[in-house]
Amino acid sequence: MGHSTIYPTGATVFQPEKAWSGYTIFQAGDEGVVLIDMNGREVRLWKGLIGFPAKLFPGGYVLGSTGRRDPKFGIQDNLDLVQVDWDGNIVWRYDGYEHIEDPGYEPLWYARQHHDYQREGNPVGYYAPGLVPKIGSGTTLILSHKNVNNPNISDKPLLDDTILEVDWQGNIIWEWAANEHFEELGFDEAARNVLFRDPNSRSFGHLGGGVGDWLHINSASYVGPNRFYDAGDERFHPDNIIWDAREANIIAITDKRTGNIVWQLGPDYSRPEVKHIGWIIGQHHAHIIPKGLPGEGNLLVFDNGGWAGYGLPNPASPIGLKSAVRDHSRVLEIDPVTLEIIWQYTPAEAGFSVPTDSYKFYSPYISSAQRLANGNTLITEGSNGRLFEVTREHELVWEYISPYWNGRNTNMVYRSYRVPYSWVPQLDRPEETAIEPISVEDFRVPGAASKGAESVVSVIATLPFVEEAACVTTSHDLKSDKGDHTNE
């Protein structure tokens with residue numbers, strides 16, 4: 001299946017009366033971290049900052065990284081996690097997890113941060129009423145890496161996911177390592193055999209055969225205040241941590257006090273109690289919707305589809321590695337106690353024929369979903385660089401296609417976040433202009449054959465002028481390496 005080579009970028013749909021307005025932040029290709037308004041205008045660019053992901057806090061503070069380890073020696077290891085002010089000045093940094101001496105490079109302390117982090121005060125890193133992240137103090141939850149050997153999993157070296165909590169001074173005050181909880185994860189005999197033979201090995205540099213990226217955890221957040229804990233269910237203690245592992249098709253909650261896994265979905269979705277959900281495959285950004293937002297307490301996850309998991313060989317996976325396959329994506333909201341699907345956005349809700357056109361809503365890697373204050377959901381269809389907002393009734397009320405391309409010839413967006421205008425006091429509230437959807441059936445490039453000259457002129461007249469969306473741009477350069485910015 002091919003795709004269009006020429007298509008509009010920037011904001012393509014905006015219904016101000018139905019959307020939840022604010023600024024949206026995301027990684028702009030290899031340029032840095034960008035902030036846009038609802039009309040797609042670039043209002044700020046932090047050059048050189050790596051958003052894995054980028055988050056914006058009240059007062060115009062942005063969190064990201066200033067560099068990444070050379071991919072010859074590591075997989076998605078960020079040098080540090082930093083908080084910068086509106087002008088790009090670093091006001092907080094953590095880089096104290098591991099001292100690394102890579103050949104040809106100056107020995108450095110690394111955070112080895114990847115995929116996620118949270119600041120005390122807000123469990124998930126996006127806007128929720130009354131849950132405000134601290135900006136000048138507090139602890140920070142960081143998803144990180146460590147290289148380990150665990151013969152119970154495999155005789156190959158492993159890239160293990162660890163979750164840290166550090167104080168404002170950078171002291172590690174809590175640490176959890178995934179490999180130490182292998183026996184709790186529920187892998188059957190077939191999966192364990194596959195893992196032992198090949199724990200998703202990824203080759204690079206001086207390690208020769210590389211390491212096994214066996215879980216590839218891509219999100220970690222606090223459970224946060226919720227109705228289940230208020231009713232006495234200790235599994236959902238607000239301090240507990242929910243995470244998901246894309247390579248194992250697992251979503252789980254870790255008890256922060258004991259380190260034990262106390263709630264879990266996957267890796268086997270054929271069991272009677274979860275069979276109605278269908279297979280969750282290669283998922284991203286699994287989290288509990290924060291208190292104060294519609295759907296609070298429910299699990300929200302971008303179920304990518306694609307390929308992931310360990311199990312019996314099948315036609316799509318002759319050796320049982322990446323044994324589950326599906327060629328479309330879903331966004332699911334699930335009651336974590338009853339396991340009922342409360343809301344979903346699938347190719348059917350997107351208006352596509354199922355199964356023949358299901359692939360038209362499909363991001364097999366990266367991506368995210370955020371619940372907004374008015375009940376809408378902001379979805380990042382990451383591999384296509386498409387950010388869009390839908391109502392509870394699945395109506396598309398805002399859409400933006402990233403015009404920022406990286407060295408891999410893609411406009412992929414790992415994750416995006418919407419924040420209220422009030423979180424950026426440095427800017428006046430922007431003027432908003434409705435953007436009516438283009439009639440794709442009628443639109444023709446000027447000079448091309450069309451249904452009629454009048455229809456071409458009338459459609460072109462409705463297009464948002466490119467220069468209008470082009471820029472109210474300021475930027476600040478940050479020193480950054482130009483390594484592989486792949487954020488899977």
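In this predicted model, Thr254 of strand 19 faces Ile261 in strand 20. Strand 20 spans residues 261-265 and pairs with strand 19 in the antiparallel sense. Four bridges make up that pairing. Six residues lie between the two strands of this hairpin. Among them, Gly259 adopts a positive phi near 85°.

Strand 19 also pairs with strand 18, which covers residues 241-245. This pairing is antiparallel as well and runs over five bridges. Here Ala245 stands opposite Ile250 of strand 19. The hairpin of strands 18 and 19 has four residues between its strands. Asn249 takes a positive phi near 60° in this hairpin.

Strand 19 itself, residues 250-254, is mostly covered. Five of its five residues are buried. Neither face is left open: both are covered. Ile250, Ala252 and Thr254 are buried on one side. Ile251 and Ile253 are buried on the other. Thr254 and Ile250 thus recur, as buried residues of one face and as partners across the pairings, Thr254 with Ile261 and Ile250 with Ala245.

A separate sheet was examined next. Strands 5, 6, 7 and 8 form an open sheet in the order 5-6-7-8, with antiparallel pairing. Its edges are strand 5 (50-57) and strand 8 (90-94), each of which pairs on one side only. From one strand to the next, the twist averages 20°. Strand 5 is joined to strand 6 by four bridges, and the two run antiparallel. Ile50 stands opposite Ser65 of strand 6.

Aromatic pairs number 21 across the whole structure. In one of them, the ring centres of Phe73 and Tyr105 are 6.1 Å apart and the planes meet at 85°, so the pair is edge-to-face. Phe73 belongs to the loop between strand 6 (61-65) and strand 7 (81-84), and Tyr105 to the loop between strand 9 (98-100) and strand 10 (108-110), so the pair ties together parts 32 residues apart in sequence. The two partners differ in exposure. Phe73 is buried, at 8% relative accessibility. Tyr105 is partly exposed, with a relative accessible area of 42%.

Trp398 and Tyr400 give another geometry: their ring centres are 6.1 Å apart and their planes lie at 0°, so this pair is stacked. Both Trp398 and Tyr400 are buried. They belong to a cluster of Phe26, Trp398, Tyr400 and Tyr404, linked by ring pairs.

Charged groups also sit over aromatic rings. The charged end of Arg119 lies over the ring of Trp92, 4.9 Å from its centre. Arg371 places its charged end over the ring of Trp343, at 5.6 Å from the ring centre.

Arg371 is also among the contacts of Asn376. Asn376 is located in the loop between strand 27 (368-371) and strand 28 (377-381). Its relative accessibility is 4%, so Asn376 counts as buried. The side chain of Asn376 makes a polar contact of 2.7 Å with that of Glu389. Beyond neighbours within four places in sequence, the contacts of Asn376 include Lys18, Ala19 and Trp20. Gln370 is in contact with Asn376 too, as are Glu389, Val390, Thr391, Arg392 and Val397. Glu389 is therefore both a contact of this buried residue and its polar partner.

Note on methods
Residues numbered from 1 in each chain as written. Predicted model: local features only at pLDDT ≥ 70, side-chain atom pairs only at ≥ 80, totals over all residues. Heavy atoms only, no water. Buried < 20%, exposed > 50% of the residue type's maximum accessible area, 1.4 Å probe, protein only. Polar contact = N/O pair within 3.5 Å; in protein donor to acceptor, adjacent residues only side chain to side chain. Contact = heavy atoms within 4.5 Å. Phe/Tyr/Trp six-rings, centres within 6.5 Å; stacked < 30°, edge-to-face > 60°. Lys NZ or Arg CZ within 6 Å of the ring centre and 35° of its normal. Pairing = 2+ DSSP bridges. Axes fitted to C-alpha atoms, helices over the stretch in contact; angles between N-to-C directions.
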